[in-house]
Amino acid sequence: MTEVAEYDVVIVGAGPTGLAAAVYTAREDLRTLVVDGGVVGGLIATTEQVDNYPGFPEGIGGLELADAMRKQCERFGAEVRTGVTITALEHQEGQIRLATAEGAITARTVLIATGSLYRHLDVPGEKELEGKGVHYCATCDGPLYRGAHLIAVGGGNSALQEGLFLTKFASKLTMLVRGPEFRGAEVLAGQMQDNPNVEVRFNTSVTKIEGENGMVTGVKTIDNQTKETGEIKAEGLFVFAGLLPNTDWLHGAVDLDERKFVKVDAGFATNLPGVFAAGDVVVGSVGQVASAVGEGVTAALSIREYLDANPVTSTPVKSAAVAR
């Protein structure tokens, strides 16, 4: 396996968290590499319009925002490489090795910024209508549906919190819960059921998302007990089925919680020296672009402090770079 030149910082994940961190580390002349197995931007690249990121009163396209972030960190000297998948991380003799199909990358520090993926319903129509009436974040997209009839799917704390947020904008919210009751906090469940603009349907699952002219028009449903089928007309569907953190590649290298989110301290350091994590991949993430950027910056400052406290004692051996 080819050994790649050591970097001061390798950032795994080219979403807002990783790109924001790269702006700060590269500006301080730290040799910075950002790698991602997919495209630049992460989840934000799949968002048609970002309306809640400060500085853009008319909103900005997700791809446009991601591209601007990439250009900014490259301006300061950071390398950004897509199509590079990290398969393992290990600490060896004061260095961190990242395994890839093209070779091993060595680094003095690593920032895990691989984010999370929304759990999907995996029903017909979901993929085709994503961003066109199918959404996964109430704070991000709820304000687009003022006065509309919305459907929300989920029954846990996050679903209840996000669903209650939607009631600020929707004229009616139909809440679909797969089981016989809410799984979230009793106080949140009570607020949901007491809201006159909310209809709750337990034991109900979505079997198909319907659309017309490329926009959501409603869903087909099934009662999980009686097997009776139905249909609900609505202008938007919000899926609150939880998040899946992209941490399988870590193979237990750092401490994770029971849901496989990375545990970090106040400076976004993990339990492994020199390894940090920030953004949607860490415990307690709120899943917003602005907070992801802020966490990336805080992690970058912590990385700077760590490197200052652990200076290089010898010059690293240079070797071939990862194939682009």
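This passage describes the strand pairing, the charged and aromatic side-chain pairs and two buried residues of a predicted model. Because the model is predicted, local features were accepted only at pLDDT of at least 70 and side-chain atom pairs only at pLDDT 80 or more, whereas totals for chains, interfaces and linings use all residues. Residues are numbered from 1 along each chain as its sequence is written, and side-chain values use heavy atoms, with hydrogens and water left out.

Helices (H or I, at least four residues) and strands (E, at least two residues) are DSSP runs numbered from the N terminus, and two strands are taken to pair if DSSP finds at least two bridges between them. In general, strands of a sheet pair through backbone hydrogen bonds, in either the parallel or the antiparallel sense. One open sheet is formed by five strands in the order E8-E15-E9-E10-E11, with parallel pairing. Strand E8 (134-135) and strand E11 (198-201) stand at its edges with a single partner strand each, so that one side of each is left without a neighbour in the sheet. Within this sheet, strand E9 (residues 149-153) and strand E10 (residues 172-176) are joined in the parallel sense over five bridges, and alanine 152 stands opposite methionine 175 in E10. Helix H5 (residues 157-166) packs on the sheet, where it touches E9, E10 and strand E15 (236-239), contact meaning heavy atoms within 4.5 Å. The direction of H5 makes about 165° with that of E10; axes are lines fitted to C-alpha atoms, for helices over the stretch in contact, and angles run from 0 to 180 degrees between N-to-C directions.

A further open sheet has three strands in the order E12-E13-E14, with antiparallel pairing. Its edge strands are E12 and strand E14 (229-233), each of which pairs on one side only, and neighbouring strands of this sheet are turned by 25° against each other on average, direction ignored. Strands E12 and E13 pair in the antiparallel sense over eight bridges, and glutamate 212 is placed opposite methionine 215 in E13. Glutamate 210 and lysine 220 meet through their side chains in a salt bridge (3.7 Å, N to O), a term used for a side-chain nitrogen of Lys or Arg within 4 Å of a carboxyl oxygen of Asp or Glu. Glutamate 210 lies in strand E12 (residues 204-212) and lysine 220 in strand E13 (residues 215-223), so the pair ties together parts that are ten residues apart in sequence. Glutamate 210 counts as buried at 16% relative accessibility, whereas lysine 220, at 29%, counts as partly exposed; buried means under 20% relative accessible area, exposed over 50%, and partly exposed in between (1.4 Å probe, protein chains only).

The structure holds 15 salt bridges, including that between the side chains of arginine 97 and glutamate 90 (2.9 Å, N to O). Arginine 97 in E5 is also the bridge partner of glutamate 90, and six bridges join the antiparallel strands E4 (residues 86-92) and E5 (residues 95-100). In the hairpin of E4 and E5, which has two residues between the strands, glutamate 93 takes a positive phi near 50°. A salt bridge also links arginine 201 to glutamate 199 (2.9 Å, N to O), and Asp67, Arg70, Lys71 and Glu74 are linked in a network of salt bridges.

Among the aromatic residues, Tyr145, Phe238 and Phe240 form one cluster; rings of Phe, Tyr and Trp (its six-membered ring) pair if their centres lie within 6.5 Å, with planes under 30 degrees apart counted as stacked, over 60 as edge-to-face and the rest as tilted. Seven aromatic pairs are found by this rule.

Two buried residues were examined individually. Leucine 129, found in helix H3 (residues 126-129), is buried, with a relative accessible area of 8%. Leaving aside neighbours within four places in sequence, the contacts of leucine 129 include Val134, Ile209, Glu210 and Met215. Isoleucine 44 is placed in the loop between strand E2 (32-36) and helix H2 (62-75) and is likewise buried, with a relative accessible area of 7%. With the neighbours within four places in sequence again left aside, isoleucine 44 is in contact with residues including Pro16, Val50, Leu63 and Val289.
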